[in-house]
Amino acid sequence: MIPRRSLGPGAPRVTAVGYGGMHLSIQDRPPEEQGIGVIHAALDAGVTLIDTADVYCLDEADLGHNERLIAAALRSWGGKRDEVTVATKGGITRPAGRWEKNGRPDHLRTACERSLQALGIECIDLYQLHAPDPRVPLADSVGALADLQREGKIRWVGLSNVSVPQIWEASSIVPVTTVQNRLNPFFREALSQGVVEYCESRGIGFLAYSPIGGGRLNRKLPAHPVLQPTAARLGVTPHALVLAWVLAQSPAVIVIPSARTIEHVLDSVSAAGIALSESDLSAITAAEFSRA
C-alpha cells in the first residue's frame with residue numbers, strides 16, 4: 001500500500017506518489033488504448049491522485065485531450081472512483097502549440113467550464129492556477145478561482161509555479177490547498193526559495209512536478225556516479241531513487257511523475273517504499289547534477 005500524505009487544508013489524504021498525465025497527451029504521446037492502460041495501472045497500484053491540465057494537448061484544437069483521456073480511463077476502471085482525486089489547471093493557452101499564459105478572469109472561467117465538460121463532472125476536486133500571468137494582477141486571477149469555488153464548480157483551489165509572496169497574497173483571497181512547483185535534483189529552487197518550507201508550515205500540500213528532471217535530464221540518471229551505485233545497493237532504479245529523495249525533502253511533498261508505459265508508472269509507485277538513510281540523502285543532496 002502506498003503511504004498517504006495530506007493534500008492540504010480540508011482535503012483528503014492521498015498517496016505520496018500521484019500520477020501526472022501530461023506525457024499521454026503531448027508530442028510523442030502513445031495510442032489512446034495504451035494511455036488508458038497506463039492510467040489503469042497507476043490506479044490498480046493504489047494511486048489516488050491524478051494531475052492533469054486543459055493544455056496537456058498538442059495545440060488549441062486539441063484542448064482537453066488529457067482530461068478526456070483521464071475521464072475515459074476512470075469510467076472504464078473497475079475500482080472506486082470516489083477514492084480518486086483529480087486535479088486540473090487553467091491559465092495557459094496553446095496557440096500553434098506554444099505555451100502562453102492567460103490569467104484573465106474571463107479566460108479562467110471559460111477554461112474551468114471546458115474542463116468540467118471534458119472531465120464529465122459537475123465539480124472539479126482541485127483546480128489550480130497554472131501560472132501567474134505578469135499582465136494580470138494575481139488578485140484578479142485568484143479572485144476568479146474564489147468565485148468558481150463559491151459557485152460550487154471547484155472544491156479546492158491550488159496554485160502552480162508560484163513564489164512565497166504570491167502564495168501569501170493568494171491566501172488572503174481564498175484558502176490555498178496546494179502548490180505545484182518544479183522540484184528535482186537538477187532544479188531545487190522550491191527548496192532554496194523557501195516554497196516547500198512555507199507550504200509545510202501552513203499545512204499546504206506541495207505537488208512536485210518534473211520530479212525526476214523531465215525531458216532529456218531524466219535520461220542522465222541511470223549513469224549518475226552517485227545514483228547508480230546507491231540504486232544498485234538498494235535494489236531500485238535510479239529514477240525511483242530520485243523520487244524517494246524528493247519525497248524525503250518534506251512531509252508536505254507529493255510527487256506527480258508522468259509515464260507513458262506501465263513499467264515506468266509502476267517503477268514510480270515503488271519509490272514510496274524506499275527508505276533512504278541519512279547518509280544516502282546527504283550524498284544525493286551534495287551530488288552534482290549537470291543540466292548540460
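Two strands pair if DSSP finds at least two bridges between them. The exercises below apply this to a predicted model.

**Exercise 1. Determine how strands β9, β10, β11 and β12 are joined, and in which sense they run.**

Solution.
- Step 1. Strand β9 covers residues 154-160, and four bridges link it to β10 in the parallel sense. Four meets the requirement of at least two bridges, so the strands count as paired. Within this pairing, Leu159 has Val179 of β10 as its bridge partner.
- Step 2. Strand β10 spans residues 176-182 and is joined to β11 by five bridges, again in parallel. Here Arg182 lies opposite Tyr209 of β11.
- Step 3. Three bridges connect β11 with strand β12, residues 253-255, and this pairing is parallel too. Leu207 is bridged to Ile254 in β12.

**Exercise 2. Place these strands in their sheet and state which strands stand at its edges.**

Solution.
- Step 1. The sheet is open and has eight strands, in the order β3-β4-β5-β8-β9-β10-β11-β12, with parallel pairing.
- Step 2. The edges are formed by β3 (19-20) and β12; each has a single partner strand, so one side of each has no neighbour in the sheet.
- Step 3. For β11, residues 205-209, burial can be added: four of its five residues are buried, and the strand is mostly covered. The cut-off for buried is under 20% relative accessible area.

**Exercise 3. Decide whether the chain is as compact as a globular protein of its length, or not.**

Solution.
- Step 1. Start with the content of the chain, which comprises 11 helices and 12 strands.
- Step 2. Compare the radius of gyration, 18 Å, with the 19 Å that the globule rule gives for 292 residues. The two values are close, so the chain is as compact as a globular protein of that length.
- Step 3. Add the dimensions: the C-alpha trace spans about 50 × 40 × 35 Å along its principal axes.
- Step 4. Turn to burial and contacts. Of the 292 residues, 55% count as buried. Among contacts with a separation of 6 or more, 74% are between residues 24 or more positions apart.
- Step 5. Finish with the surface and the charges. About 12,300 Å² is exposed, with 52% of it supplied by carbon and sulfur atoms. The chain carries 28 positive and 30 negative side chains, and the centres of these two sets are 2 Å apart.

**Exercise 4. For the loop residues Asp28 and Asn161, find the backbone phi and classify each residue as buried, partly exposed or exposed.**

Solution.
- Step 1. Asp28 belongs to the loop between β3 and α1 (32-44). Its phi is positive, about 65°, although Asp28 is not a glycine. The relative accessible area of Asp28 is 70%; the cut-off for exposed is over 50%, so Asp28 is exposed.
- Step 2. Asn161 sits in the loop between β9 and α5 (164-171). Phi of Asn161 is also positive, near 60°, in a residue other than glycine. With 31% relative accessibility, Asn161 counts as partly exposed.

**Exercise 5. Locate Glu151, classify its exposure, and give the separation of its C-alpha atom from that of Ala16.**

Solution.
- Step 1. Glu151 lies in the loop between α4 (138-150) and β9.
- Step 2. The relative accessibility of Glu151 is 43%, so it counts as partly exposed.
- Step 3. Glu151 and Ala16 are 135 residues apart along the chain, and their C-alpha atoms are separated by 30 Å.

Note on methods. Residues are numbered from 1 along each chain as its sequence is written. This is a predicted model: local features need pLDDT of at least 70, side-chain atom pairs count only at pLDDT 80 or more; totals for chains, interfaces and linings use all residues. Side-chain values use heavy atoms; hydrogens and water are left out. The radius of gyration is taken over C-alpha atoms; the globule rule is 2.2 Å times the number of residues to the power 0.38. Buried means under 20% relative accessible area, exposed over 50%, partly exposed in between (1.4 Å probe, protein chains only). Contact means heavy atoms within 4.5 Å. Accessible areas come from the Shrake-Rupley method with a 1.4 Å probe; for residues, only the protein chains shown count as cover. Lys and Arg count as positive and Asp and Glu as negative; His and the chain ends are not counted. The place of a charge is taken as NZ of Lys, CZ of Arg, CG of Asp or CD of Glu.
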